[in-house]
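The following paragraphs offer a guided reading of a single protein chain. The reader is invited to keep the sequence and the three-dimensional view at hand while following the text.

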Amino acid sequence: MRTRRLRSVPAPAEVFDARAAYAAHGPELYRFALRQLGDDGAAQDVVQEVFLRAWRAAGSYDPQLASLRTWLFTIARNVVVDEARRFAVRPWQRDLADDVGTDVPVGGGLDERVVDTWVVEEALGRLGVDHRVAIVQTHLRGRPHAEVAAELGIPVGTLRSRVFYGLKALRLAMDEMGVEL
């Protein structure tokens, strides 16, 4: 009778050093959450929730898929969205705290755009060169398909196909990174 060897799965503490991650990214995550929500307490809750979720999902973190910073900011973005939805459903909760939102304007979209840019760049890096060039030139730079196809020396239909399949691959890459679309 053969015995099976069980793979040892590292404990979350072996894969994810929460103290080092917090020291490196905690203040930046707090500022991001504060700008998005405009509430000091909510921003602190977001950072705590980010590291709690990161700790729980530490086994699924793969440094080859995304950097620790990108992974944590992706989690933070999802937590901020959850928090904003919670406030939208229960607006009276904001009124319970004194002077909530007086120091920082709500909806500082700059931070969210920066995080979105990092995530898209990370996902684009996982695509093949042909698909990446097609998406960058047509979608991100807004160039006409005919112009890009002529520059690349390919038919317009081929370029459209590369864009279509490239976007599918981009969605899959972002899904693998844990980004909620």
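In this predicted model, the axes of helices H7 and H9 cross at roughly 100° and come within 8 Å of each other. An angle from 65 to 115 degrees counts as roughly perpendicular, and H7 and H9 are therefore roughly perpendicular to each other. On the H7 side, the residues that meet H9 are Asp130, His131, Ala134, Ile135, Thr138 and His139. Their counterparts in H9 are Leu159, Arg162, Val163, Tyr165, Gly166 and Leu167. By class, this contact of H7 with H9 comprises six nonpolar, four polar and two charged residues.

Helix H7 itself covers residues 129–140, and its buried residues are Ala134, Ile135, Val136, Gln137 and Thr138. Just after H7, the backbone at Gly142 adopts a positive phi of about 70°.

A further helix also packs against H9. Helix H8, formed by residues 145–152, and helix H9, formed by residues 156–176, have axes 9 Å apart and pack at an angle of about 105°. That angle makes H8 roughly perpendicular to H9. From H8, the contact draws on His145, Ala146, Val148, Ala149 and Leu152, while H9 supplies Val156, Leu159, Arg160 and Val163. Sorted by class, the contact of H8 with H9 has seven nonpolar residues, one polar residue and one charged residue. Leu159 and Val163 are listed for H9 in its contact with H8, and these two residues also appear among those of H9 that meet H7.

One participant from H8 can be followed in greater detail. Leu152 has its place in helix H8. Is this residue buried, exposed or partly exposed? Because the partly exposed range lies between 20% and 50%, Leu152 counts as partly exposed at a relative accessibility of 36%. Leaving aside residues up to four places away in sequence, Leu152 touches Val133 and Leu159. The C-alpha atoms of Leu152 and Asp130 are separated by 9.8 Å, the two residues being 22 residues apart along the chain.

The view may now be widened to the chain as a whole. The chain has nine helices and zero strands, and its elements, read from the N terminus on, run α-α-α-α-α-α-α-α-α. Of the 181 residues in the chain, 32% are buried. Among contacts with a separation of 6 or more, 70% are accounted for by residues 24 or more positions apart.

Helix H4, residues 68–89, provides two examples of buried positions. What is the relative accessibility of Ala76? Ala76 lies in helix H4, and its value is 0%, so the residue counts as buried. Not counting residues up to four places away in sequence, Ala76 touches Leu29, Phe32, Val46 and Val50. Ala76 and Phe51 are 25 residues apart in sequence, and their C-alpha atoms are 8.9 Å apart in space. Leu72 is likewise found in helix H4, and Leu72 is buried, with a relative accessible area of 0%. Tyr61 is eleven residues from Leu72 along the chain, and the C-alpha atoms of this pair are separated by 10.0 Å.

A contrasting level of exposure is found in helix H3, residues 40–56, where Gln44 has its place. At 45% relative accessibility, Gln44 counts as partly exposed. Its C-alpha atom is 8.0 Å from that of Ala33, although the two residues are eleven residues apart in sequence.

The final feature is the largest pocket, which holds about 170 Å³ of space. Which residues lie nearest its centre? They are Ser60, Trp71, Glu176, Met177 and Gly178, from a lining of 14 residues. Helix H4 gives the most to this lining, with four residues. By class, the residues that line the pocket are seven nonpolar, four polar and three charged.

How values were computed: Residues numbered from 1 in each chain as written. Predicted model: local features only at pLDDT ≥ 70, side-chain atom pairs only at ≥ 80, totals over all residues. Heavy atoms only, no water. Buried < 20%, exposed > 50% of the residue type's maximum accessible area, 1.4 Å probe, protein only. 1 Å grid on protein atoms, 1.4 Å probe; cavity = no way out; pocket = protein on both sides within 12 Å on 5 of 7 lines; lining within 4 Å. Points joined across faces, edges and corners; volume = space filled by probe spheres on them. Nonpolar A, V, L, I, M, F, W, Y, C, P; charged D, E, K, R; others polar. Axes fitted to C-alpha atoms, helices over the stretch in contact; angles between N-to-C directions. Parallel < 35°, antiparallel > 145°, perpendicular 65-115°, else oblique. Contact = heavy atoms within 4.5 Å.
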